[in-house]
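Thanks for coming. I have one structure to walk through today, and I will keep to the main points.

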Amino acid sequence: MAFSLETVVPWGRSFAEYQAMFNLTPSDLQKSILGCGDGPAAFNSTLTQQGGRVISVDPIYQFTAAAIRDRVTATYDEVIAKVRQNQAEFLWDRFQSPEHLGQARMAAMETFLADFEAGQAQGRYVTARLPELPFSDRRFDLALCSHLLFLYSPQLNYDFHLAALQELCRVATEVRIFPLLELGSQPSRHLDTVLTTLNRQGYPTRIEHVAYEFQRGGNEMLVVSQPKDGQ
Ligand SMILES: C[S@@+](CC[C@H](N)C(=O)[O-])C[C@H]1O[C@@H](n2cnc3c(N)ncnc32)[C@H](O)[C@@H]1O
């Protein structure tokens, strides 16, 4: 049986993974960035230490650091067991084994947790959830959304995906989404219809190859930019 999870799990990636998943250049990292659904990822913490400007949103930021650690720890065994059962769905070059993957995820979470309280006080971790974000139009240059949209296509329907992408396009000049596969390493059932609708509404879209592949075949991101004047 292919990899599947009933709910969206709070599972965090490292800054280096974000750089690779989103083709982030040094000039991208100078931009004002929104990390949407960042959960316990280390991206905000590390980029902030490097002098970057980033705000993360996620519904789990309503919880304390201790509660987030408990939730990640509680899902750890299930996620690693499912990865182990479905090892052939993944490429094992960046991570050598399910255990190595688990260590990397827990290390990213610890980096996040060490920064969480200070980051909340500075307004860098905001409790919110798609499809509505508490930001003004074009507040950000770039919005990134990793391992939420398209990955959870069985759990999040077409209407949610479209509304979420439109909202990301409202608050950011450019939007990047990774991956474009569902759990189970199948192409997202919503991708084609969402792209058709966004294009019809005037949003230019393109799919870019990235230097990151863990789900087999999952090495592409979606880039959505603003409609040209007059559209
Ligand atoms: C698999 S984790 C990915 C975390 C991070 N983006 C990464 O790649 O390391 C998915 C995250 O999406 C968050 N999430 C779930 N529903 C959401 C929503 N409606 N809006 C924003 N984030 C959401 C979850 O709380 C969780 O932290």
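I will go through the sheet, then the helices, then the core, and finish with some details in the loops. Keep in mind that this is a predicted model.

Start with the sheet. The model has an open sheet of seven strands, and the pairing is mixed. Reading across, the order is β3-β2-β1-β4-β5-β7-β6. Which strands stand at the edges? They are β3, residues 125-126, and β6, residues 205-209. Each of these has a single partner strand, so one side of each is left without a neighbour in the sheet. As a reminder, strands of a sheet pair through backbone hydrogen bonds, and the pairing is either parallel or antiparallel.

Now some of the individual pairings. Strand β1 covers residues 32-36 and strand β2 covers residues 53-57; the two run parallel and are joined by five bridges. If you want a position to look at, find Cys36, which stands opposite Val57 in β2. β1 also pairs with β4, again parallel, through four bridges. There, Ile33 stands opposite Leu142 in β4. Moving one step along, β4 and β5 run parallel with six bridges between them. Ser146 has Phe178 in β5 as its bridge partner. How much of β4 is buried? Six of its seven residues are, which leaves the strand mostly covered.

Next, the helices. Helix α5, residues 158-171, lies across four strands: β1, β4, β5 and β7. With respect to β5, the helix runs at about 140°.

The other helices to point out are α3, residues 65-85, and α4, residues 98-121. They pack with their axes 10 Å apart, at an angle of about 165°. Angles over 145 degrees count as roughly antiparallel, so that is what α3 is to α4. Their crossing is right-handed. On the α3 side the contact includes Ala65, Ile68, Val72, Tyr76 and Ile80. From α4, the residues taking part include Pro98, Leu101, Met106, Leu113 and Phe116.

On to the core. The largest nonpolar core has 74 residues. Which of them touch the most other members? Leu34, Leu149 and Leu168 do. By element, the largest share of this core comes from α5, with seven residues.

Take Leu168 as an example. Leaving out residues up to four places away in sequence, Leu168 touches a list that includes Leu34, Cys36, Ala143, Leu149, Val175 and Ile177. Leu130 and Leu133 are also among its contacts.

Leu162 is another residue to look at, and its place is in helix α5. Is Leu162 buried or exposed? Its relative accessibility is 11%, and the cut-off for buried is under 20%, so Leu162 counts as buried. Apart from residues up to four places away in sequence, Leu162 touches Val194, Thr197 and Leu198. Leu162 and Leu149 are 13 residues apart along the chain, and their C-alpha atoms are separated by 9.8 Å.

Last, the loops. In general, most residues other than glycine have a negative phi, and most peptide bonds are trans. There are exceptions to both here, starting with the peptide bonds. Leu130 and Pro131 are joined by a cis peptide bond, with omega about 15°. Pro131 sits in the loop between β3 and β4. A cis bond also joins Phe178 and Pro179, where omega is about -5°. Pro179 is in the loop between β5 and α6.

For phi, look at the loop between β4 and α5, where you will find His147 and Phe150. Phi of His147 is positive, near 60°. Phi of Phe150 is positive too, near 70°. His147 is buried, with a relative accessible area of 14%, and Phe150 is buried at 0%.

One more loop residue. Where is Glu182? Its place is in the loop between β5 and α6, which spans 191-200 as a helix. Glu182 is buried, with a relative accessible area of 5%. Setting aside neighbours within four places in sequence, Glu182 is in contact with residues including Phe150, Leu151, Ser153, Arg189 and Gln215.

That is the end of the walk-through.

Technical notes:
Residues numbered from 1 in each chain as written. Predicted model: local features only at pLDDT ≥ 70, side-chain atom pairs only at ≥ 80, totals over all residues. Heavy atoms only, no water. Pairing = 2+ DSSP bridges. Contact = heavy atoms within 4.5 Å. Axes fitted to C-alpha atoms, helices over the stretch in contact; angles between N-to-C directions. Core = buried A, V, L, I, M, F, W, Y, C linked by side-chain atoms within 4.5 Å. Buried < 20%, exposed > 50% of the residue type's maximum accessible area, 1.4 Å probe, protein only. Parallel < 35°, antiparallel > 145°, perpendicular 65-115°, else oblique. Left-handed = near helix turned anticlockwise from the far one by under 90°.
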